[in-house]
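Here's a walk through a protein model, aimed at someone who likes to poke at coordinates. Have a look at the sequence and the fold before reading on.

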Amino acid sequence: DERLPALYLLVDSFRDFKQSFEADFINEFCNLVGGGQAAGLHLVIASSLQNDFPNDLFASINMRLTFNQADATEYFRIVGQPSETRVQEDAVKGVRPGRGLLRGTPPFEFQAVLPTLGGTDKEQTENLIALAEEMRNCWKGVTPARILSLPAFVSLPRQEKPVSRRDHQKGGIPLFSMLGQEFENLEPIGFTLNQDGPAYLVGGTTAQTGKTTLLHTWLLGLAEGFSSEVVRFLLLDFHSRSLAAFKNLPHVWEYVGSRNGLEPALTRLAEEIQNRHAEMEREYEKDADKFETRDILRRWPHILVVIDDYERFALNLDGSAQQLADCLLQGGELGTSYVIAGTLSELPKDYEDPFMQRFRKNGVGALLGGVEGIEDYNNARRPSGQAPAGLPPGRGFIVRRGKAHLFQTAVGAQTQER
């Protein structure tokens, strides 16, 4: 009979591992380890303290070893009480790298060996990589499947043909645009304008997290994926002009590059919303039984209002915040969506800005840089084990329906990080 190979399950930094998953998953993990010992499953697990491990899991681990512990009581819980000679030797000689104790009565002292030679950490790492490569080249048997991970750079795929107005009216195609790649399944992730909105908040834990890049990706993806008869842009950009590269696209309904152009643009938007509402009412009165809101909405291009650096934009609003809030409230069900971007800690408070309040209440958008401030997305649930800040530029979370999904923003061209 063919002998099955032994299986080794290695988990480093178990405390971080435990914090990265829900309690139910950790319980399943512990059950797997407990039931797998009889089937040739060996667990090698590491963490700093005994309290990092669930009691049932810790009790099932017979072979225990520890290195230097700041709290002497940790030795007793992990390996047993060390001899007085060992305690005095540690006090005199200090921490000796690689010197540890193995569980026993009394505990056995040992010196860990290095996996490869090298006078420095850099040399040891280089030699270890070379050794692994040599072993890989010598192995002639079956190799494991490659484990894919979320890349640091994701490119926006090019669209072969934009969706026409005719195709959209006939098929009701979702107005989806890819914003990046999701962590768990490495699939494209983004928003659908006619389903997820109407208000989207693109926030960052700090500056330079990739907010402007995400807006560029979003606009570029929509422009390539849909004709100008299906999607139009209203770019309010007089305060930063970070969206100026898109002002000549045929999709741009209006580009506001100066403060004087803000009021006329908002007036035009309000009139468009009123006209759509009036037409919607006429269609209903014409034949209420056959009236379908979705069919009427497909007659008009979906208008996306985009504002970057909203914290700066808000300084020049005066009474326009209420006008924007009214447009969002009245036009959100009439084929208009709104996206603002800014550093969360610098955005206006709800009581200062009724327009901003709508975005926090809707709770949909992207948070880049970490999870600090995710409560601004209608008290969305904070993901377990994720850093408050400090993620690489463009990495963050798509927030939707109270859940956050880790992703990497896609880029379509050279853009400036903000």
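What follows is a tour of the backbone, the pockets, a sheet, the cores and one proline.

## Backbone oddities

Keep in mind that this is a predicted model. With that said, two cis peptide bonds turn up. One joins threonine 105 to proline 106, with omega at about -5°; proline 106 sits in the loop that runs between strand 4 (99-102) and strand 5 (108-111). The other joins glycine 197 to proline 198, and here omega is about 10°. For proline 198, the setting is the loop between helix 8 (193-196) and strand 9 (199-204).

There are also positive phi values to flag in residues that aren't glycine. Leucine 186 has phi near 60°, and you'll find leucine 186 in the loop between strand 7 (176-182) and strand 8 (188-192). Aspartate 309 has phi near 50° and belongs to the loop between strand 12 (302-307) and helix 12 (310-313). Is aspartate 309 buried or exposed? Its relative accessibility is 7%, and the cut-off for buried is under 20%, so aspartate 309 counts as buried.

## The largest pocket

If you're hunting for space, the largest pocket holds about 830 Å³. Its lining is made up of 29 residues, and those closest to the centre are Ile45, Ala46, Met63, Arg64 and Leu65.

Which strands supply at least two residues each to that lining? Strand 1 (7-11), strand 2 (41-45) and strand 3 (65-66) do. Strand 2 has the largest share, with five residues. As for chemistry, the lining of the largest pocket splits into 17 nonpolar, ten polar and two charged residues.

## The second largest pocket

Next comes a pocket with a volume of about 700 Å³, the second largest. It is lined by 19 residues; Ser20, Glu184, Pro383, Ser384 and Ala404 are the closest to its centre.

Strand 16 (residues 403-411) gives the most to this lining, namely four residues. The lining of the second largest pocket divides into seven nonpolar, six polar and six charged residues.

## A three-stranded sheet

Strand 3, which helps line the largest pocket, also takes part in an open sheet of three strands, ordered 3-4-5 with antiparallel pairing. Strand 3 and strand 5 are the edge strands, each pairing on one side only.

Let's go pair by pair. Strand 3 and strand 4 run antiparallel and are joined by two bridges, and threonine 66 stands opposite leucine 101 of strand 4. Strand 4 and strand 5 are antiparallel as well, with four bridges between them. Leucine 102 has phenylalanine 108 in strand 5 as its bridge partner. How many residues make up the hairpin connection from strand 4 to strand 5? Five residues link the two strands, and proline 106, one end of the cis bond from threonine 105, is in that loop.

## Nonpolar cores

The largest nonpolar core has 44 residues, and Leu236 and Phe355 are the ones that touch the most other members. Helix 10 (residues 262-286) brings the largest share of this core, six residues. A second core lies apart from it, with 31 residues, including Tyr200, Val202, Ala223 and Ala341.

Zooming in on leucine 236, and leaving aside residues up to four places away in sequence, its contacts are Val256, Leu262, Leu266, Val305, Val306, Ile307, Phe313 and Leu324.

## Proline 301

Just ahead in the list is a residue worth a stop: proline 301, in the loop between helix 11 (293-297) and strand 12. What is its exposure class? Proline 301 counts as partly exposed because its relative accessibility is 21%, while buried would need a value under 20% and exposed one over 50%.

Leaving out residues up to four places away in sequence, proline 301 touches Ser228, Glu229, Val230, Val231, Arg232, Arg276 and Gly335. If you'd like a distance to check, take proline 301 and proline 392: they are 91 residues apart in sequence, and their C-alpha atoms are 36 Å apart in space.

How values were computed:
Residues are numbered from 1 along each chain as its sequence is written. This is a predicted model: local features need pLDDT of at least 70, side-chain atom pairs count only at pLDDT 80 or more; totals for chains, interfaces and linings use all residues. Side-chain values use heavy atoms; hydrogens and water are left out. Buried means under 20% relative accessible area, exposed over 50%, partly exposed in between (1.4 Å probe, protein chains only). On a 1 Å grid over the protein atoms alone, a cavity is a set of points where a 1.4 Å probe fits but cannot get out, and a pocket is an open set with protein on both sides within 12 Å along at least five of seven lines; lining residues have an atom within 4 Å of a point. Grid points are joined across faces, edges and corners, and a volume is the space filled by probe spheres set on the points. Ala, Val, Leu, Ile, Met, Phe, Trp, Tyr, Cys and Pro count as nonpolar, Asp, Glu, Lys and Arg as charged, and the others, Gly among them, as polar. Two strands pair if DSSP finds at least two bridges between them. A nonpolar core is a set of buried Ala, Val, Leu, Ile, Met, Phe, Trp, Tyr and Cys residues joined through side-chain atoms within 4.5 Å. Contact means heavy atoms within 4.5 Å.
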